[in-house]
Structure formats: structure tokens, C-alpha cells
Amino acid sequence: MVDHEKGDGGKAAGEDRKMKKRDLREPHHAVSAGIVPTSVQDIGPYYPKTAPTDRDGDLTMADGRSGAAQGQIVYLSGRVLDLEGKPVPNANVEVWQANAFGRYAHPDETNPAPLDPNFEGHGKGVSAIDGSYHFKTVKPAAYPAAVGVTRAPHIHFMVTAGTQRLITQMYFAGEALNETDPLLGAAESRESLIAKVTPASSDAEPGALVVTWDVVLP
Ligand SMILES: [Fe+2]
């Protein structure tokens, strides 16, 4: 767009307007092609009853405690985007999840797996000017959800931007349980919910993962 405008200097006003009209339309189609809105998922029974006590984006260090959460460290980040692929800044990004044993710190939780007092399990952040969000957390374990049903490891998301709110769940690429998870299987776009997973650099905690997942608001 900027380059075209620079090159339009000698054109008649009519041609100039035509060119600008076309320029506005073409990038719109080009950017939108292939962009799939992130599918909606159930909020689930474990949406936290209380707000996170701190907003530092680090779920592995609980307020007032010196210990660190148990489990495999996950550096989780991505961008909040609109349907044209443009970043959405200032979106509220809220996450909640089971701990490394598959248990939520929630009064309605029925899984007898251990609680981890050093794990916060709930975080809130705001997307930056480039739409990016960042959390440090641990990988949630799979957990039993009903007789014969095991949920694949997942992190719940609620993303709010202006009047838009998306509630969904993010899954980790490469998990065998992704093939049988009933909620993931029922998603409108399964692919839109599966995050990229790579090993973290060697200076990170042993076994740490980098998990990357963009949220495309509808
Ligand atoms: Fe869940």
C-alpha cells in the first residue's frame, strides 16, 4: 500500500483514486485467505471462582510462596489476531488449567490427584501492541472427565477484546489423547485449537517447552 502510493505521483486524480480503491481491496482478500477463526469450546466446570492474585503472567510461582510449581515448564505465547490477520492489542487474555497431576484448584474438582500449592492455575494478561501475549506455566496433565473419557492436556482461554469474547481450549500438538478427546473432536476447526510445541533453548529449565498459539477472534 505504501509503495503503491509512492509510485502514484504522476497519475491523474481519477486513476489515482482507482488505484487506491483496488489497493484497499486486494490486501484485504490476500490477508484473509486461509485465516480460520479459533473455534469456540466449552468453558468447562472449573472456571476459577476467584481472580488471580497476581498479574505477572507467571503461573509457576504463587504469591507469598517461595517454591516453584511441579511439572514440565511451558513458555506459552502467541498473538491475538482479527480475521484479517491484524494484531489485536489490549485484549484481556485469561488462562486456567489443571496442574501437572491433572487437578484443578477448584472447589467442584472431583479428581483425587494432588493439589500443588505452588501452582497458580489461573493467569490474566493483556495483549501488547503487536497482539502478543505471554505466560509461563506448567504442562497440565490429562485428567478423567467421565467414565471412559480422558481429557487430552489442554489450557482454557477466555479472550476479551471490546465487545468480543472468545472462550475456548488450547491443545498441545503431538498428544496421543488429541485423537480421542471428545471436545477437540467436536471442534469446528480442530487445527485452530492445536498449538505448536517445540523444546525450549538449552538455557531454560530441563525439559521446558515453547508452546505457540495464535488466537483469531471471529
Ligand atoms: Fe479443562
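The following questions and answers examine a predicted model of one protein.

User: What average pLDDT does the protein have in this predicted model?
Analyst: The confidence scores vary along the chain, and 85% of the residues score at least 70. Over residues 1–31, however, the pLDDT is below 50. Where pLDDT is low, the predicted coordinates should not be read in detail. Taken over the protein, the average pLDDT is 87.

User: How many contacts does the stretch of residues 1–31 have in the model, beyond near neighbours in sequence?
Analyst: This stretch has a pLDDT below 50. Its count of contacts beyond near neighbours in sequence is 11.

User: How many helices and strands does the protein have?
Analyst: Read along the sequence, the elements follow the pattern α-α-β-β-β-β-β-β-β-β-α-β-β-β. The totals are 3 helices and 11 strands.

User: What share of the contacts with a separation of 6 or more joins residues 24 or more positions apart?
Analyst: One example of residues distant in sequence is the pair glutamate 188 and serine 39, which are 149 residues apart along the chain but 5.9 Å apart in space, C-alpha to C-alpha. Among contacts with a separation of 6 or more, the share from residues 24 or more positions apart is 69%.

User: Which strand gives the most residues to the largest nonpolar core?
Analyst: In soluble globular proteins, nonpolar side chains tend to be buried together. Here the largest nonpolar core has 37 residues, and those with the most contacts inside it include Val80, Phe157 and Val215. Several strands supply at least two residues each, among them β2 (92–96), β7 (154–161) and β8 (164–172). The strand that gives the most, with 5 residues, is β1.

User: Which residues does valine 215 touch, not counting residues up to four places away in sequence?
Analyst: Valine 215 is one of the residues with the most contacts inside the largest nonpolar core. Strand β11 (215–216) is among the strands that supply at least two residues of that core. Beyond four places in sequence, valine 215 touches Thr38, Gly78, Val80, Leu81, Phe157, Val159 and Leu166.

User: Is alanine 100 buried or exposed?
Analyst: Alanine 100 is found in the loop between β2 and β3 (122–126). A residue counts as buried if 20 or more other C-beta atoms lie within 10 Å of its own. Because alanine 100 has 21 such atoms within 10 Å, its class is buried.

User: What distance separates the C-alpha atoms of alanine 100 and aspartate 116?
Analyst: Alanine 100 touches Asp116, and its other contacts beyond four places in sequence include Gln70, Val138 and Ala141. Alanine 100 and aspartate 116 are 16 residues apart along the chain. Their C-alpha atoms are separated by 8.2 Å.

User: Which residue in β8 stands opposite isoleucine 155?
Analyst: Strands β7 and β8 run antiparallel and are joined by 8 bridges. They form a hairpin with 2 residues between the strands, in which glycine 162 takes a positive phi near 60°. Opposite isoleucine 155 stands methionine 170.

User: Which residue in the turn between β5 and β6 has a positive phi of about 75°?
Analyst: Strands β5 (residues 143–146) and β6 (residues 149–151) run antiparallel and are joined by 3 bridges. One pairing places alanine 146 with valine 149 as its bridge partner. The two strands form a hairpin with 2 residues between them, and the turn residue with this positive phi is glycine 148.

User: Do β8 and β9 run parallel or antiparallel?
Analyst: In β9, the bridge partner of tyrosine 171 is isoleucine 194. Strand β9 is also joined to β10 (residues 209–212) by 4 bridges, and that pair runs antiparallel. Strands β8 and β9 are joined by 2 bridges, and their direction is parallel.

User: Is serine 189 buried or exposed?
Analyst: Serine 189 lies in the loop between α3 and β9. Beyond four places in sequence, it is in contact with Val36 and Ser39. A residue with 12 or fewer other C-beta atoms within 10 Å counts as exposed. Because serine 189 has 12 such atoms within 10 Å, its class is exposed.

User: What is the phi of asparagine 90?
Analyst: Asparagine 90 is found in the loop between β1 and β2. With 13 C-beta neighbours inside 10 Å, it counts as partly exposed. Although it is not a glycine, its phi is positive, at about 60°.

How values were computed
Residues numbered from 1 in each chain as written. Predicted model: local features only at pLDDT ≥ 70, side-chain atom pairs only at ≥ 80, totals over all residues. Core = buried A, V, L, I, M, F, W, Y, C linked by C-beta atoms within 7 Å. Contact = placed C-beta atoms within 7 Å. Pairing = 2+ DSSP bridges. pLDDT = per-residue confidence, 0-100.
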